[in-house]
Amino acid sequence: MALANHPIKGLYFMVAGSPQSLVVMIVTYMGNLRVSLGAEEGFIDSPKLKSCIENAFEMILDAASATPSSTNFLNGHRASFGP
């Protein structure tokens with residue numbers, strides 16, 4: 001894919017000029033998840049937000065990669081399936 005004769009890997013969709021102090025856009029497109037954040041200058045501690053998002057995505061990846069088991073992690077009891 002190219003834009004103005006410059007190769008690009010993908011697009012991030014974002015609403016510009018909105019009156020909100022923080023905008024989060026989440027889009028799935030062509031099998032990829034795209035997350036875009038926009039914030040008013042000085043509204044967010046950017047390094048802290050980046051760290052929190054990276055940690056959250058690592059936790060999601062770890063959970064999604066875990067081997068399925070019959071343990072219900074919410075209360076430590078075995079999950080029962082069916083009637």
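**Entry 1. The loop between β1 and β2**

I began with A4, which sits in the loop between β1 (2–3) and β2 (6–7). The model I am reading is a predicted one. I looked up the backbone of A4 and found a phi near 55 degrees, which is positive although the residue is not glycine. A negative phi is what most residues other than glycine have. I then asked whether A4 is buried or exposed. A4 counts as exposed, because its relative accessibility is 63%.

I turned next to N5, which is placed in the loop between β1 and β2. N5 is also a residue other than glycine with a positive phi, in this case near 65 degrees. With a relative accessible area of 78%, N5 is exposed.

**Entry 2. The chain as a whole**

I stepped back to list the elements. I recorded one helix and four strands in the chain. Read from the N terminus, their order is β-β-β-β-α.

I looked up how much of the chain is covered. The chain has 83 residues, and 5% of them count as buried. I noted an accessible surface of about 7,500 Å² for the chain, with 60% of it belonging to carbon and sulfur atoms. I also checked the contacts between residues at least 6 apart in sequence: 10% of these join residues at least 24 apart.

**Entry 3. The hairpin of β3 and β4**

I asked in which sense β3 and β4 pair. Their pairing is antiparallel and runs over eight bridges. I noted one of the partners: T28 is bridged to L33 in β4. The two strands form a hairpin, and two residues stand between them. M30 in this turn has a positive phi of about 55 degrees.

**Entry 4. S36 and Y12**

I selected S36, found in strand β4. S36 counts as buried because its relative accessibility is 9%, the cut-off for buried being under 20%. I asked which residues S36 touches, not counting those up to four places away in sequence. I found Y12, F13 and M14, together with V23, V24 and M25.

I followed the contact to Y12, which lies in the loop between β2 and β3. Y12 counts as exposed at 55% relative accessibility. Leaving aside neighbours within four places in sequence, I found Y12 in contact with R34, V35 and S36. Along the chain Y12 and S36 are 24 residues apart, and their C-alpha atoms are separated by 6.7 Å.

**Entry 5. From β4 towards the helix**

I moved on to G42, in the loop between β4 and α1. At 74% relative accessibility, G42 counts as exposed. I looked up its separation from S21: G42 and S21 are 21 residues apart in sequence, and 9.8 Å apart in space from C-alpha to C-alpha.

**Entry 6. The helix and its salt bridge**

I asked how many residues α1 has and how far the helix reaches. It has 20 residues, and the distance from its first C-alpha to its last is 28 Å. This is close to the 28 Å expected at 1.5 Å a residue. I then counted buried residues among the 20 of α1 and obtained zero, so the helix is hardly covered.

I searched the structure for salt bridges and found one. E54 and K50 form it, with their closest N and O atoms 3.8 Å apart. I asked why these two residues are separated by about one helical turn. The reason is that E54 and K50 are four residues apart in helix α1. Side chains of opposite charge can pair when their charged atoms come close. I noted E54 as partly exposed, at 41% relative accessibility. K50 is exposed, with a relative accessible area of 53%.

**Entry 7. A nonpolar surface patch**

I finished with the surface. A nonpolar patch of about 820 Å² is made by L22, V24, I26, L33, V35, L37, F43, F57 and I60. I asked which elements give two or more residues to the nonpolar patch. They are β3 (22–29), β4 (32–39) and α1 (46–65).

I looked up one member, I26, which lies in strand β3. I26 counts as exposed because its relative accessibility is 59%. I added a general remark on strands: when a strand is regular, its side chains alternate between the two faces of the sheet.

Terms used:
Residues numbered from 1 in each chain as written. Predicted model: local features only at pLDDT ≥ 70, side-chain atom pairs only at ≥ 80, totals over all residues. Heavy atoms only, no water. Patch = residues over 30% accessible without salt bridge, like charges linked within 9 Å, V, L, I, M, F, W, Y side chains within 5 Å. Areas by Shrake-Rupley, 256 points an atom, 1.4 Å probe, with all protein chains shown as cover. Salt bridge = Lys/Arg side-chain N within 4 Å of Asp/Glu carboxyl O. Buried < 20%, exposed > 50% of the residue type's maximum accessible area, 1.4 Å probe, protein only. Contact = heavy atoms within 4.5 Å. Pairing = 2+ DSSP bridges. Expected span 1.5 Å × (residues − 1).
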